[in-house]
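Open the model in your viewer and give it a slow turn. This tour tells you what to select at each stop and what you will find there.

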Amino acid sequence: MNRIQLPKDALKRVRIGQAFAEYDVIRSEPELFVSTPATLSSLAPDATDCFFVGRRGAGKTAITFEVQRKFKRSIHIIPQIFDLLSLPLQHEEFFDTRQRPFKSLMHSMERALVDEVVKEWFDRGLFKFDKDYDALRRERGLIEDCDFDVRVLNLTEEIFEAYSKENDKLWLRQIKRAKEITQEANEVAANGNYDFIILVDRLDESWDGSESAIICLMAMMHAAVRLRASTNFLRPYIFIRENIYDRIRMLDNEFSRLETSSVFLGWSETKLLELVERRLVSPFNTKPKLGGEAWSYFFEEKEHRKDNTSSRVMALCQHRPRDVLMLCSYAIDNAINNGHERVSHDDLDSAAVRYSTSRLKDLGDEFAENYPNISLVLEYFYGLGNQFTVNGIEDFIQKILINELIAKHCKEWLFEHTTPFSFIEVLYGIGFIGIKRKTSTQFKESGKDSNAKPAFDNNSIFEIHPTYHQALNLRSVLIADLKDETMLKNEGILEELPESFQIDDYKLALEEVLDQLQSLPEGKKGAKEFEEIVGMVIKLCFFRALTNVQPHERDEDGSVIRDWVASNRASGGFWEMVRSKYGATQVVWECKNYSELKADDFHQIQYYLNENFGRFGIIVFRGEEIKDKYIKHISRIVNKSRSGLVVLLTQRDIEVFLRQSIKGAFKESHIQDRHDYFIRKIT
């Protein structure tokens, strides 16, 4: 059969898309979506799964897009509550899920979710508040006037006030109110098509990794399971990262109630190949067949090589769609720059170096919540071998234990895992090492429950995943032991630091800035200090993407006001999207040491939004609430003046950036969430 003739510049026409689903072409081109078992479960009306669990880049957010396309009666929530809610009791009092403190929190979450559905009924004209449904009518204020986060805050404040005052009657009344509201909502839903799916996604974007946040999420998960069983109108879906799910497993004394409602996001090589091929052939009218043929039109294969390009990509990418798209995108860029019509093995080799470094940094970020500053430990594998015996691992542990830097910044978890078997379980659990079997190496499978521990013994050989070989400059040797004279190398691959900071100084600077922010009074007296704090946050938390941070001074009311301008040199992720979408080669940060923004504040930043700076600006202020009038000002700037987008950051947002950096997690998810919040509000 004759091969299809594609244009000579076919590779240049390919749009692989963004590795991050929030900005990917899949949002506007649903035909690129690839269905997996987890997707089928989310769309099946009789499925009982509530929790969709996967690592970063496993496709959780993409599933929410597909559910919203296929099921129009869906509600999308990106909660901020896990950072907002301050538990009124000691954390230990919430650990037993059968006791009143946890029950109080769970019933508040349950009630807030039901109210969210009733609010949607009312907004769509499906339901009216009347005397036939007394409990719902009395709940009207909470339903109409509050969003999900504010509603949870109000409900928890109310029920814990009754609990703390030992007012049993009032506490029981609140518990019964939740049951009455659910019962009446069931009665309403019995009269027609009232069933809705609630999608709770990207919950870790306002996430500081605290025990308080874990307890609140655990309460929401228990509420979701109860509602799935007790309602005929609500299917709650919560999308959770694996490392957060593992923390809940460790804490929850009734975890079995949750794990039976969990589905893990797994991808086969066939599905991953389809994911890439759909994007490769999308621009062309005549398309090669999927299933390997389409790949061969764009990626070179050599008969004398046992490993073809597709198998090399899959071996490096740990079966995660985001990683596959990222590596393919790097390889295609290299091929185009080298004038190749197809991606060669050499193009893939060069891409793998860049990819390996990126994934090593991402691994440290992803698991910093479970193992703070684990990137420091991974860094010391630099220049060693790609395989280890148990004795080799034990020698490695002994050497890092006497390292003052690691002992100081990793003590929260490292001293609990100083035996070789426990240390190996940690590295296996995060996907860094695998266990060598007779013919292959067993790595932790993405999309599989990690509850079962890996089987190995004193004779086992452990191999570092190929993804990280090039970033760590590993040799193809087996490390049976590390002699006393062997010095571990620290090449600073993972722990990039701004402005030649040492790690101790960097952590101390972050903690000092956080303390200064929390103790700083509002108003003119503290304005200069607040400006300095914002400048330090840009330099300390966003140094990977924003560089050359410079003050831009102006006069206002007789005072010199300092704004910050940072050069946007990101090569990927959120800030790269900002540069390409808004032309923001420079990002302006305006500092307001007060909680109530004025119209002039929005007029001022609008002056910066132009072709020279770009059309993206940030206002940092001390308030806690994003008011409707602020949204109207931003909408005017975007939709009427067409000047660009303004994003507001509160003090709480700044605290999230600082706390994440203290733990060694350089994540863009929170700033990305704030961007998406304002886009949704003004669209």
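Before the first stop, one term: two strands are said to pair if DSSP finds at least two bridges between them. Keep in mind, too, that this is a predicted model.

**The whole chain**

Start with everything shown as a cartoon. The protein chain has 29 helices and 15 strands. Its radius of gyration is 26 Å, close to the 26 Å that the globule rule gives for 683 residues, so the chain is as compact as a globular protein of that length. Along the principal axes, the C-alpha atoms fill a box of roughly 80 × 65 × 60 Å. Colour by burial and 59% of the 683 residues count as buried. Among contacts between residues at least 6 apart in sequence, 76% join residues at least 24 apart.

**A mixed sheet**

Now select strands 6 to 10. In which order do the five strands of this open sheet lie? The order is 8-7-9-6-10, and the pairing is mixed. Strand 8 (441–442) and strand 10 (475–479) are the edges; each has a single partner strand, so one side of each is left without a neighbour in the sheet.

Zoom in on strand 6 (residues 385–388) and strand 9 (residues 461–464), which run antiparallel and are joined by two bridges. Show Phe388 as sticks, and its bridge partner in strand 9 is Phe462. Next add helix 22 (residues 420–429), which packs on this sheet and touches strand 7 (433–436), strand 8 and strand 9. The direction of helix 22 makes about 110 degrees with that of strand 7.

**A parallel sheet**

Select strands 1 to 5 next. These five strands form an open sheet in the order 2-3-4-1-5, with parallel pairing. Strand 2 (74–77) and strand 5 (262–264) are at the edges, and each pairs on one side only. From one strand to the next, the twist averages 20 degrees.

Stay with strand 4. Is it largely enclosed by the rest of the structure, or left open? Eight of the eight residues of strand 4 (residues 234–241) are buried, so this strand is largely enclosed. Show the side chains: Leu234, Pro236, Ile238 and Ile240 point one way, while Arg235, Tyr237, Phe239 and Arg241 point the other way.

Then look at the partners of strand 4. With strand 1 (residues 51–54), strand 4 pairs in the parallel sense over four bridges, and Phe51 stands opposite Ile238. Strand 3 (residues 196–200) also runs parallel to strand 4, joined to it by five bridges. Here, the bridge partner of Ile197 is Arg235, and Leu199 stands opposite Tyr237.

**A buried asparagine**

Select Asn243, which lies in helix 11 (residues 242–251). Is this residue buried or exposed? Asn243 has a relative accessible area of 0%, so it counts as buried, the cut-off being under 20%. Its side chain makes a polar contact of 2.9 Å with the side chain of Arg241, and another polar contact of 2.9 Å joins it to the side chain of Asn370. Leaving out residues up to four places away in sequence, Asn243 touches Glu366, Phe367, Glu369 and Asn370.

**Two loop residues**

Move to the loop between helix 8 (148–164) and helix 9 (168–189), where you will find Glu166. Its phi is near 55 degrees, a positive value in a residue other than glycine. Glu166 is exposed, with a relative accessible area of 68%.

Next select His319, in the loop between helix 15 (309–316) and helix 16 (321–337). Phi of His319 is near 60 degrees, again a positive value in a residue other than glycine. His319 is partly exposed, with a relative accessible area of 28%.

**Helix 29**

For the last stop, select helix 29 (residues 669–682). At 1.5 Å a residue, its 14 residues should span 20 Å, and its end C-alpha atoms are 20 Å apart, which agrees. Of these 14 residues, 10 are buried, so helix 29 is largely enclosed by the rest of the structure. Among the buried residues are His670, Ile671, Phe678 and Ile682.

What covers the buried residues of helix 29? Show its surroundings, and the cover includes helix 25 (573–582), strand 14 (616–621), helix 27 (628–640), strand 15 (645–649) and helix 28 (651–662).

Conventions: Residues numbered from 1 in each chain as written. Predicted model: local features only at pLDDT ≥ 70, side-chain atom pairs only at ≥ 80, totals over all residues. Heavy atoms only, no water. Buried < 20%, exposed > 50% of the residue type's maximum accessible area, 1.4 Å probe, protein only. Expected span 1.5 Å × (residues − 1). Contact = heavy atoms within 4.5 Å. Polar contact = N/O pair within 3.5 Å; in protein donor to acceptor, adjacent residues only side chain to side chain. Axes fitted to C-alpha atoms, helices over the stretch in contact; angles between N-to-C directions. Rg over C-alpha atoms; globule rule 2.2 N^0.38 Å.
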